[in-house]
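Grab your viewer and work through these exercises in order. Each one has a task, then a solution you can follow step by step.

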Amino acid sequence: MKKTCLIILISMMTAHLTHAQNQLVPMFVGTYTSEGGSRGIYSYLFDQVTGNSDLISEVETPSPSFLARTDKFLVAVNELGDGNQSISSFNLADETLTFENKVSTKGGAPCHVLLGDNGRYAVVSNYSGGSLALYSIDENGHISEMDDYREFNGSSVDPKRQTKSHIHSAFMGPDKSIYVSDLGADMIYVFDVVKDGTKYQFKEKESITVTKGGGPRHIAFHPKGKTMYSLQELTGDIVVFNKEKNGWKQSQIINMITAEFDGQHGAADLKISPDGKFLYSTNRADANTVSVFAIKKDGSLELKQLVSALGTGPRNLNLTPNGKFVLVANQVTDQIVVFARDAKTGLLTDHGRRIVLSKPVCIIF
């Protein structure tokens with residue numbers, strides 16, 4: 001009887017510990033730095049039950065506008081102009097970051113970084129440089145010299161934003177290929193990343209054309225792997241593609257805003273809920289909104305809700321791992337807004353929590 005009681009007690013303690021660990025999750029925020037403003041990357045513990053957050057540490061690094069991480073290290077692009085641009089790596093222990101090293105990205109304004117092959121390589125998108133950079137990384141997060149580099153020379157119809165290629169992001173697809181958005185050329189380039197001896201190399205696979213003047217920025221893939229969503233920064237459209245035998249076929253174009261909107265778009269980010277039933281996206285410029293879409297069985301989208309971002313310049317957004325909250329980084333008004341999410345309907349309500357921080361632009365868990 002005593003043995004049985006002891007087993008039950010241990011089980012209860014283990015369950016309580018697991019619950020506590022799942023309740024508090026590390027969160028990292030990248031910012032644009034400035035004199036008197038933010039200093040770099042900020043680490044928090046976020047409570048997935050209450051929506052509260054506690055600042056744990058901060059690490060100084062210039063304009064870490066996009067972040068990616070493994071369990072052992074975190075990498076950040078330093079979005080600066082030609083001559084100063086770089087990617088930096090930090091060891092990660094107990095939610096504390098320790099600088100490892102940094103290397104040049106060769107192209108100006110690096111704005112996105114992807115980690116692949118379990119963190120053994122990084123792909124950096126250089127916006128103003130119109131290029132991709134590929135690096136090997138060791139198990140401790142040390143970035144090696146550049147393995148491969150590609151420049152792009154495209155253009156499209158917008159006379160202000162599309163006179164040259166602007167590589168905005170590279171996302172891993174369900175086929176383990178990387179999908180690269182060129183805002184300046186209205187193109188999505190698909191590459192395999194292959195190991196050639198001790199180095200990684202880009203291998204061209206296919207190119208996908210999107211609507212002229214759209215300006216593809218970010219991509220999200222449905223968990224089932226059969227649908228791709230391409231966010232168009234300049235028009236606020238989301239272009240839906242379905243996977244077929246001969247590649248990706250466009251099946252829908254839907255705008256993030258209602259038909260009454262008559263302003264400038266600045267579509268920024270999109271994420272899919274853990275259950276694959278809803279898609280969330282942000283729109284800056286004159287809109288400053290968050291859109292909620294229901295994802296139908298065929299992958300098509302239906303606009304369910306359009307809410308204020310409760311701030312200006314909603315850049316990046318992210319869902320907590322348990323899907324209970326959506327956090328929106330309002331760059332211009334210097335705060336992260338915490339929205340509560342209804343798991344059944346997907347709808348958002350203001351949870352009342354705010355994280356005050358100068359120019360937040362990237363949130364990862």
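**Exercise 1.** Does Asn126 count as buried or exposed, and why?

*Solution.* Keep in mind that this is a predicted model. Start by placing the residue: Asn126 sits in strand E9, which covers residues 121-126. Next, check its accessibility against the cut-off, where buried means under 20% relative accessible area. Asn126 has 0% relative accessibility, so it counts as buried.

Now look at what surrounds it. Leaving out residues up to four places away in sequence, Asn126 touches Thr105, Gly107, Gly108, Ala109, Pro110, Ser131, Tyr149 and Ile167. Thr105 deserves a second look: the Asn126 side chain reaches its backbone oxygen at 3.0 Å.

**Exercise 2.** Find how far Asn126 is from Asp342, in sequence and in space.

*Solution.* Along the sequence, the two are 216 residues apart. In space, go C-alpha to C-alpha and you get 37 Å.

**Exercise 3.** Pick out the largest nonpolar core and say which strand gives it the largest share.

*Solution.* The largest nonpolar core has 27 residues. Those with the most contacts inside it are Ile41, Leu67, Leu74, Val75, Ile87, Leu97 and Val113. The largest share, 5 residues, comes from strand E5 (residues 73-78).

Then zoom in on Val75. Not counting residues up to four places away in sequence, its contacts are Phe66, Leu67, Ala68, Ile87, Ser88, Ser89, Val113, Leu115 and Ile137. There's also a second, separate core of 17 residues, which includes Leu134, Phe152, Ile167 and Ile178. Ile167 should ring a bell, as Asn126 touches it.

**Exercise 4.** Describe the largest pocket: its volume, its centre and its lining.

*Solution.* Volume comes first: about 990 Å³ of space lies in the largest pocket. It is lined by 35 residues, and the closest to its centre are Leu114, Phe171, Met172, Ile219 and Lys271. The elements giving two or more residues to this lining are strands E4 (64-69), E8 (110-116), E12 (167-172), E16 (216-221), E20 (267-272), E24 (314-319) and E28 (360-364). By class, the lining divides into 24 nonpolar, 6 polar and 5 charged residues.

**Exercise 5.** Do the same bookkeeping for the second largest pocket.

*Solution.* This one holds about 190 Å³ of space. Its lining includes His222, Asn242, Ile295 and Asp298, along with lysines such as Lys224 and Lys226. Sorted by class, that lining has 1 nonpolar, 5 polar and 6 charged residues.

**Exercise 6.** How many cavities of 30 Å³ or more does the structure hold?

*Solution.* The count is 1. About 80 Å³ of space lies in the largest cavity. Ser65, Phe66, Cys111, His168, Arg217, His218, Ala268, Asp269, Arg315, Asn316, Val361 and Cys362 line it. Two or more of the lining residues come from each of E4, E16, E20, E24 and E28. By class, there are 5 nonpolar, 4 polar and 3 charged.

**Exercise 7.** Work out the surroundings of Val328.

*Solution.* Val328 lies in strand E25 (residues 325-330). At 0% relative accessibility, Val328 counts as buried. Beyond residues up to four places away in sequence, it touches Thr282, Val290, Pro314, Asn316, Leu317, Gln335, Ile336, Val337, Phe339 and Ile363. Of these, Asn316 also lines the largest cavity. As for Ile363, it is 35 residues from Val328 along the chain, with 8.2 Å between their C-alpha atoms.

Note on methods:
Residues are numbered from 1 along each chain as its sequence is written. This is a predicted model: local features need pLDDT of at least 70, side-chain atom pairs count only at pLDDT 80 or more; totals for chains, interfaces and linings use all residues. Side-chain values use heavy atoms; hydrogens and water are left out. Helices (H or I, at least four residues) and strands (E, at least two) are DSSP runs, numbered from the N terminus. Buried means under 20% relative accessible area, exposed over 50%, partly exposed in between (1.4 Å probe, protein chains only). Contact means heavy atoms within 4.5 Å. A polar contact is a pair of N or O atoms within 3.5 Å; within protein, one must be able to donate a hydrogen and the other to accept it, and residues adjacent in sequence count only if both atoms are side-chain atoms. A nonpolar core is a set of buried Ala, Val, Leu, Ile, Met, Phe, Trp, Tyr and Cys residues joined through side-chain atoms within 4.5 Å. On a 1 Å grid over the protein atoms alone, a cavity is a set of points where a 1.4 Å probe fits but cannot get out, and a pocket is an open set with protein on both sides within 12 Å along at least five of seven lines; lining residues have an atom within 4 Å of a point. Grid points are joined across faces, edges and corners, and a volume is the space filled by probe spheres set on the points. Ala, Val, Leu, Ile, Met, Phe, Trp, Tyr, Cys and Pro count as nonpolar, Asp, Glu, Lys and Arg as charged, and the others, Gly among them, as polar.
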